[in-house]
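Subject: The structure for you to look at

Hi,

Here is the structure I said I would pass on. Have it open while you read, and my notes on what turned up in it follow right below.

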Amino acid sequence: MGVGTLRLHDAKQMAAAIARHSEMDRIAALRRYEILDTPPDGSFDGITALAAKLLGVPIALATLVDTDRIWFKSKIGLDVEQIDRAPGLCASAILNDAAYIVNNAALDPRTLANPLVAGEFGLRFYAAAPLQTHDGFNLGTLCVIDREPRQIDEQEVEILRTLAGLIMDQMELRIASRRIDEKRAAIAAKNRELAILNEEKDGFMAMAAHDLRNPLGTVMMMGKMLEEQKVGALNERQLRMVSAICESSEVMLRLVTDYLEFTALGPIAIKLTKDDCDLQELVEACVRDHAPRAGEKSIGILFHRLQDGIVAAVDASRIRQGVGNLIGNAVKFSPAGSRIAVRCLKEGEFAVIEVIDQGPGIPESELSKLFIPFSPTSVLASDGEKSTGLGLSIAKRLVEAHRGEIAVSSVVGEGSTFSIKLPL
C-alpha cells in the first residue's frame, strides 16, 4: 500500500469519525426534546393536515429520525407508527439543510432501489423539509408523499419549509413549557421546605416565648410585692432598684406576649370560630379591660353607645383581641389629661368600630408602615413604654381574617382615629 493510499484511508477514517460524532450530537439534541413516543398532538396534526391540503397530496408526515427507526410524530394518510431507518427517505433528507425533492422515485438513481419505491407501497413522489433546531441539528422532516409522480414548484417548497418551521416552533414550545414546569416544581418544593422551616422556627419561638412568660410573670409579681413593701421595709435606694426591676419585667412580659400572639397567628389562614355577637357589648368590655391602665396615666377613656342591636357573626375572642390592641395602642401614646373615645356604629351592611385619641398624631409619611410587623414609627409613647411594632399588625390580620378592613387617619399634634370595618 502506497503513501497516497494510506492518506486516502486515513482521510476516510477521519470523515467517518466526524460523521459518527456529528450523529451522536444530533441524537443528543433529539433526546432533549423528549418527544419520541409521545401521544398524538392536535397542534402537530393540524400542521401536517395543512401540508397535505396545500400541496394536494394524500400523505403528509412529521418524522423524527432516531438511531434505528423513523418515528412519525404526526401522520396524515398513513396508519403505521414508524418504519426502520434503513429504507426511510427521511434519513437521507436530514443530511442536508435544503429541501429533499424526488419527483419520480422510480427513475431517480437515489431512490429507484428503495424498498418503499420498488416494493408494494409504490412511492413515487417525495418532498421533505428538515426539522432544524436553533443550534443547527436536523431532527427529522416534514414530508409529503404521493404514489404518483408529480412536480413541485419553488412556492410549494417554501410552504413546506414554513410549515416545518411551525413544527419546530411547537417542539420548542414543548421544551420551554417543560422547563417552566420544572422550575415551578423546584420553586414549589423550595417553598414547601421554607414553609416547614418557618413553621418549625415559629413553633420554637412560640415555645420559647411561652416558657419565658411564666418566669417573667413571677419576677414581676415578686418585684411588685417588694415595691409595695409587703415583705418588709426597703430603703430609698432599694426601692429604686426594685422599681427598675418591675418596670423592666413589665416591658419584657409585654414584648414576649406580643411576640407570642404574633407567632400564634402564623403565616397561614387564621382559624375562626364564629358566632353571633353583640359588638356593642364586646367593645364596651374592651374599654373596661383598658380603663385601669388609662386611669394610671390620667387618661379619660369613654365608650359611646350610639346604637343598639349591632350583631355580627365573628370570632369574639379574636375581635376582642384586635380591638384591644387598638385601644391599648391609644392608651400607650396618649398624654396625661387627654381623652380616648371608643364607639361602635352601623354603616349599611357593615359594623364600624372607631378608637379616637388626642395623642401626638402620626406623620403621613409613616402611615404606610403602621401595620407592618416590627416597624415602629418615630412617635414615642407618652410614658416611655416600649413597643414591638406587632400590636397593629396583629389587629390587621385578625380583622382581615373576618373579611374586614382596618384603617387609620391622623393629624400631627391633634390625634389619630383607628377604625375597623366588619361585614354584618
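A residue is called buried when its relative accessible area is under 20%. Keep in mind, too, that this is a predicted model.

With that word in hand, try helix H7. Its buried residues are Leu279, Gln280, Leu282, Val283, Ala285, Cys286, Val287, His290 and Ala294. The helix runs over residues 279–296, which makes 18 residues. From the first C-alpha to the last, H7 reaches 27 Å, close to the 26 Å expected at 1.5 Å a residue. There is a kink, though: about 40° at His290, shortly before the proline Pro292.

Have a look at both ends of H7 as well. At its start, a side-chain oxygen of Asp278 comes to within 3.0 Å of the backbone nitrogen of Gln280. Just after the helix you meet Ser298, with a positive phi of about 60°. Most residues other than glycine have a negative phi. Ser298 is not a glycine, and yet its phi is positive. You'll find Ser298 in the loop between H7 and strand S8 (300–305), and with a relative accessibility of 48% it counts as partly exposed. Glu34 is another residue other than glycine with a positive phi, near 45° in this case. Glu34 is in the loop between H1 and helix H2 (42–55).

Now for the wider view. The protein has 424 residues, and 39% of them count as buried. Its secondary structure comes to nine helices and 13 strands. Among contacts with a separation of 6 or more, 67% are between residues 24 or more positions apart.

Next, the cysteines. How many disulfides does a search of the whole structure find? Zero. A disulfide is a covalent bond between the sulfur atoms of two cysteines. Why does Cys286 not form one? Its sulfur is 9.5 Å from the closest cysteine sulfur, the one in Cys277, and that is too far for a bond; the cut-off used here is 2.5 Å. Cys344 tells a similar story: its closest cysteine sulfur is also in Cys277, 9.4 Å away, so a bond is ruled out by distance. Cys286 is buried, at a relative accessible area of 1%, and Cys344 is buried at 0%.

Salt bridges are a different matter, as the structure holds 18 of them. One of these joins Arg32 and Asp135, with the closest N and O atoms 2.8 Å apart. Arg32 belongs to helix H1 (residues 3–32), while Asp135 sits in the loop between strand S5 (125–132) and strand S6 (138–146), so this pair ties together parts that are 103 residues apart in sequence. Both partners are partly exposed: Arg32 has a relative accessible area of 27% and Asp135 has 36%.

Here are two more salt bridges to click on:

- Lys75 pairs with Glu81, the closest N and O atoms being 3.5 Å apart. Lys75 is partly exposed at 27%, and Glu81 is partly exposed at 46%.
- Arg161 pairs with Glu154, at 3.3 Å between the closest N and O atoms. Arg161 is partly exposed at 34%, whereas Glu154 is exposed at 52%.

There is also a network: Arg31, Asp37, Asp66 and Arg69 are joined into one by salt bridges that share partners.

Last stop: Ser74. Where does Ser74 lie? Its place is in strand S2 (residues 69–76). Is Ser74 buried or exposed? Its relative accessible area is 1%, so Ser74 is buried. Leaving out residues up to four places away in sequence, Ser74 touches Phe44, Asp45, Thr48, Ala60, Leu61 and Ala62. With one of these, Thr48, there is also a polar contact of 2.7 Å between the two side chains.

If you're not sure where to begin, go for Ser74 and its contact with Thr48, then move on to the kink at His290 in H7.

Cheers

How values were computed:
Residues numbered from 1 in each chain as written. Predicted model: local features only at pLDDT ≥ 70, side-chain atom pairs only at ≥ 80, totals over all residues. Heavy atoms only, no water. Helix = DSSP H or I, 4+ residues; strand = E, 2+ residues; numbered from the N terminus. Buried < 20%, exposed > 50% of the residue type's maximum accessible area, 1.4 Å probe, protein only. Polar contact = N/O pair within 3.5 Å; in protein donor to acceptor, adjacent residues only side chain to side chain. Contact = heavy atoms within 4.5 Å. Salt bridge = Lys/Arg side-chain N within 4 Å of Asp/Glu carboxyl O. Expected span 1.5 Å × (residues − 1). Bend = angle between axes of the 7 residues up to and from the residue.
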